[in-house]
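User: Please take a close look at one sheet and the helices that pack on it, and describe how these parts are arranged.

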Amino acid sequence: MAKAKLLAVRDYMDVEMLEYDIPEPMEDGLVIKVEAAAICGSDIGTMHMKDYPREFSGNIGHEFCGRVVSMGPKASERVRCYNGELKVGDRIAVYPWITCGHCHGCLKHGEGVCGACENGFIYGGDEMQINEYLNHDPSKYPHFKGGFGEYVHIFANTYVWKIPDDMPSKIAALLDPCAVAMRAVEQAVTPLCGLHEGISTTTHAVVVGPGPIGIMTGMILKRMGVEQLVLTGRNDNKLKRAQELCGADVVVNVRDMTLEERVEKITEITGGGGDVVINCASAPESSIEAMMMTAFLGTYVEVGNAASWTHEPKLTLNLPDVIYGKNIHVTSVVANTSKTFDRAFRLLTKWKEIPFEKMITHEFHRLEDFIPTVAHGHDEDYIKGVLTFED
Ligand SMILES: [Zn+2]
Ligand SMILES: [Zn+2]
């Protein structure tokens, strides 16, 4: 039987290359040959966790796409494709979460809502053990359960999209971060009470953090027609490049400013604060100042600190002043849905108009180059590292 390789995380900045038989699909699943897999900020976080007790080396990679090479007899009924019937040879992009559909969270919030399901599984996650098959133990069949491998077994109840022929696989591999940005923006879209909250053509929006999620958030806000987009960061070169990609009207380097100066500067530029402030920085202390930059009746969305596991921030915020006094709406992006992913996927199909491709600054072609690429994760010129397999 033919064998193939996958990467599993062993320890701090340490992976091992494992080899297993290319799996036969389960009756209700299918197998893809990976074409592209992107490195997520959370993968970089996982790789940097020191002294993290691991029982075994786990599958890694949740931002990936590939070509269907085999299908179980019930796969087309049980794998949920948004745009047509699946067949061998199709390239597909994948929503990396599978929910159970019958726990309290699924029944209350709907199936496919990640973060809500008590038994939720993510491809390439962190040592989950949901059942015999849905786990991150590569020694267990079907072995290939993360994007950083030559194959991935796609299980029943996974949501997928067929990739149009002219769309590069590396663009499709950006689906997950694009959907995070989409959900961040969409939470501010809801006209909460009709007092000119939400997003309109007169919105002044602020995005904190010029990383991949910040850039995509900016791209979406601009496409939705906000009047002003302000982007803040701590590095001139990163800000300049992010501005080129997302079309921010103003960029502000806040590195050498105090908290008060930052809030004052953004309040001045936006004419009273951001109607929508989306914090995509991975620095817990940024949350306070970003909330303070939010305008009266504005919306604050917390995105970037989802992976700040290693921080134990002790933050002080004048709650009555910042939230009550300005009636701001505070939310985050922990839950997401396949429906938001669908809107993100459709945006990615506009890749000829929107420069998603330029976000891929570190493309590599071998699994062996995963760690060297992760090591560049904090470089000035790094936005997104993507593995593409060349035939
Ligand atoms: Zn991700
Ligand atoms: Zn559930």
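Analyst: What follows describes the sheet first and then its helices. The model is predicted, so that local features need pLDDT of at least 70 and side-chain atom pairs count only at pLDDT 80 or more, while totals for chains, interfaces and linings use all residues. Residues are numbered from 1 along each chain as its sequence is written, and chains are lettered from A and ligands numbered from 1 in the order in which they are written.

The open sheet has six strands, in the order β14-β13-β12-β15-β16-β17, with parallel pairing; strands are DSSP runs of E with at least two residues, helices runs of H or I with at least four, numbered from the N terminus, and two strands pair if DSSP finds at least two bridges between them. At the edges, β14 (250-253) and β17 (329-332) each pair on one side only. Strand β16 (residues 294-302) is joined to β17 by four bridges in the parallel sense, and T331 in β17 is the bridge partner of V301.

Helix α5 (residues 175-189) packs on this sheet, where α5 touches β15 (274-279), β16 and β17, and its direction makes about 150° with that of β16; contact requires C-beta atoms, placed from the backbone, within 7 Å, and angles run from 0 to 180 degrees between N-to-C directions, with axes fitted to C-alpha atoms, for helices over the stretch in contact. Helix α7 lies across β13 (228-233) and β14, at about 155° to β13. Helix α7 (residues 236-246) also packs with helix α6 (residues 212-223) at an angle of about 35°, their axes being 9 Å apart.

Notes. Contact = placed C-beta atoms within 7 Å.
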